Amino acid sequence: MKAIVVTDQAAGTAGVKLVERPAAQAAINDVVVQVHASGFTGDELTWPSTWTDRGGRDRTPSIPGHELAGVVTALGYGTTGLSIGQRVFGLTDWYRDGTLAEYVAVEARNLAPLPGDVDFTVGAALVMPGLTAWQGLFEHGRLRAGQSVLVHGAAGVVGSMASQLATWLPSTMRLLPSTGPSGSRERRSSVFIREDRGLPKRPRRLQFTRLGPTTESVSRFTHHSTIKEQM
Ligand SMILES: NC(=O)c1ccc[n+]([C@@H]2O[C@H](COP(=O)([O-])OP(=O)(O)OC[C@H]3O[C@@H](n4cnc5c(N)ncnc54)[C@H](OP(=O)(O)O)[C@@H]3O)[C@@H](O)[C@H]2O)c1
């Protein structure tokens, strides 16, 4: 099968090559997926898992990319829950060959059915930011119905997912943030929100006292620990 591989960490993206690789084989509980769309994170070339297996042994040439959408073409021994011909999307294990290839072997538990009316490209693009937003809101932030949440950078990929997931809880306030006019960091850190249910009649301007990675920020903001109300 055709695949994109990397062999030399020092070479960075200049070392990326399109080559012929042996066909992907389904191990126990795996499926093989014919990849219709896949995603690649630039940072992957700095992740140890791109270059070694879990034992720290060199696993190059390795195939990067971990997000995918495609069609199941083979089932490994003992694989349940998916069937040949099924449309799926998901994430592959960081330590295994990835999705920049015609086919990929992936554990069935790391895939979900992709509805027929969702494009493969949309499915592949959804996985990583969707998981990131989910973890930020519900695992790290422990968001529950009735709490409010502030999504920082809501116009971005993770932020737009978080905004949609946050409104999924019935009592959660709906926030409509913007990064504001370009300019100083302080200005860009300002957001305007309007609450769907109840209280303030006008948008409140909030200012972050500290910026951090999105998932941490969502977690902190959920608990209102770093927000200073301006108006
Ligand atoms: N995408 C993923 O799958 C993924 C997975 C894990 C972690 N992450 C992390 O999550 C964060 C967001 O990633 P993303 O993919 O959603 O990026 P993105 O699509 O580029 O979105 C970033 C958002 O943040 C806003 N922003 C940037 N600098 C800002 C500042 N100084 N003040 C206020 N807003 C600012 C941007 O606004 P403008 O458009 O106005 O610039 C944009 O809306 C990053 O830290 C990334 O490393 C992403």
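Q: How do α2 and α3 sit relative to each other: parallel, antiparallel, perpendicular or oblique?
A: In this predicted model, the two helices pack at an angle of about 55°, with their axes 8 Å apart. Angles under 35 degrees would count as roughly parallel and 65 to 115 as roughly perpendicular. The 55° value fits neither range, so α2 and α3 come out as oblique.

Q: Is the crossing of α2 and α3 left-handed or right-handed?
A: Take the same pair, α2 and α3 (residues 157–166), at about 55°. Their crossing is right-handed.

Q: How many nonpolar, polar and charged residues make the contact of α2 with α3?
A: From α2 come Pro 129, Gly 130, Thr 132, Ala 133, Trp 134, Gly 136 and Leu 137. α3 brings Val 157, Val 158, Met 161, Ala 162, Leu 165 and Ala 166. Gly counts as polar here, and the split is 10 nonpolar, three polar and no charged.

Q: Which residues touch the most other members of the largest nonpolar core?
A: That core has 25 residues. β3 (30–39), β4 (67–75), β5 (87–91), β6 (103–107) and α2 (120–140) each supply at least two of them. Those touching the most other members are Val 31, Val 33, Phe 89 and Val 104.

Q: Which residues is Phe 89 in contact with, leaving aside neighbours within four places in sequence?
A: Phe 89 belongs to the largest nonpolar core. With those neighbours left aside, its contacts are Leu 68, Ala 69, Leu 111, Ala 112, Leu 114, Gly 123, Ala 124, Leu 126 and Val 127.

Note on methods: Residues numbered from 1 in each chain as written. Predicted model: local features only at pLDDT ≥ 70, side-chain atom pairs only at ≥ 80, totals over all residues. Core = buried A, V, L, I, M, F, W, Y, C linked by C-beta atoms within 7 Å. Buried ≥ 20, exposed ≤ 12 C-beta atoms within 10 Å, placed from the backbone. Helix = DSSP H or I, 4+ residues; strand = E, 2+ residues; numbered from the N terminus. Contact = placed C-beta atoms within 7 Å. Axes fitted to C-alpha atoms, helices over the stretch in contact; angles between N-to-C directions. Parallel < 35°, antiparallel > 145°, perpendicular 65-115°, else oblique. Left-handed = near helix turned anticlockwise from the far one by under 90°.
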